[in-house]
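Here is a short tour for a computational chemist, starting with one residue and working outwards. Have a look at the structure first, then read on.

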Amino acid sequence: MSENNKPQVLCVDDSTFMLEAVSAALGDDYEVFTLSKATAVEKFLQNNMPDLILLDYSMPDINGFELIPIIRKIEAHRETPIIFLSATGLPERVNEAMSLGACDYVLKPLRADILREKLEKHIIRE
């Protein structure tokens with residue numbers, strides 16, 4: 001939780017449009033950090049403590065599934081909730097995301113009300 005008592009959310013997506021949409025949808029109630037490169041996540045998480053991570057599946061440098069072990073090897077983020085964002089809701093992809101440690105899965109295009117509902121469900125308020 002940030003100093004302004006807003007929960008912190010990190011959104012990782014290679015689409016600038018998606019990052020802006022998430023920021024606009026959540027900005028009133030959450031402190032939103034955005035990264036457009038999956039390769040920047042590890043460094044960001046070594047210095048920051050988001051309450052939840054929104055993670056795109058399909059990115060050019062590292063896909064979201066490959067990124068989970070990188071996140072989980074950082075002690076402080078072993079339990080940080082991860083919600084996947086994806087344009088495909090194939091059952092095998094959803095199942096794989098959950099088996100890797102995601103707590104939820106949201107389909108694109110995003111609906112702000114559904115996204116906020118998922119965050120409320122998974123962010124643990126102190």
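Is Ser86 buried or exposed? In this predicted model, Ser86 has a relative accessible area of 3%. A residue counts as buried when that value is under 20%, so Ser86 is buried. Its place in the fold is strand E4. Leaving out residues up to four places away in sequence, Ser86 touches Tyr57, Arg93, Tyr105, Val106, Leu107 and Lys108.

Now let us step back to the fold. The protein is built from five helices and five strands. Read from the N terminus on, they follow the order β-α-β-α-β-α-β-α-β-α.

The overall dimensions come next. For 126 residues, a compact globule would be expected to have a radius of gyration near 14 Å, and the 13 Å of the protein agrees with that. Along the principal axes, the C-alpha atoms fill a box of roughly 40 × 30 × 25 Å. Of the 126 residues, 44% are buried. Among contacts with a separation of 6 or more, 56% join residues 24 or more positions apart.

What does the protein show on the outside? About 6700 Å² is exposed, and carbon and sulfur atoms supply 50% of it. As for charge, there are 13 positive and 21 negative side chains, with the centres of the two sets 1 Å apart.

Inside, the largest nonpolar core has 22 residues. Val12, Leu45, Leu55, Leu67, Ile71 and Phe84 are the ones with the most contacts inside this core. The table lists the elements that each give two or more residues to the core.

| Element | Residue range |
|---|---|
| strand E1 | residues 8-12 |
| helix H2 | residues 41-47 |
| strand E3 | residues 52-56 |
| helix H3 | residues 64-72 |
| strand E4 | residues 82-86 |

Of these, H3 gives the largest share of the core, four residues. Another core, of 16 residues, lies apart from this one, and its members include Met18, Tyr30, Leu119 and Ile123.

Which residues are in contact with Ile71, leaving aside its neighbours within four places in sequence? They are Val41, Leu45, Ile53, Leu55, His77 and Ile82. Two of these partners, Leu45 and Leu55, are also listed with Ile71 among the residues with the most contacts inside the largest core.

Technical notes: Residues numbered from 1 in each chain as written. Predicted model: local features only at pLDDT ≥ 70, side-chain atom pairs only at ≥ 80, totals over all residues. Heavy atoms only, no water. Rg over C-alpha atoms; globule rule 2.2 N^0.38 Å. Buried < 20%, exposed > 50% of the residue type's maximum accessible area, 1.4 Å probe, protein only. Contact = heavy atoms within 4.5 Å. Areas by Shrake-Rupley, 256 points an atom, 1.4 Å probe, with all protein chains shown as cover. Lys, Arg positive; Asp, Glu negative; His and termini not counted. Charge placed at Lys NZ, Arg CZ, Asp CG, Glu CD. Core = buried A, V, L, I, M, F, W, Y, C linked by side-chain atoms within 4.5 Å.
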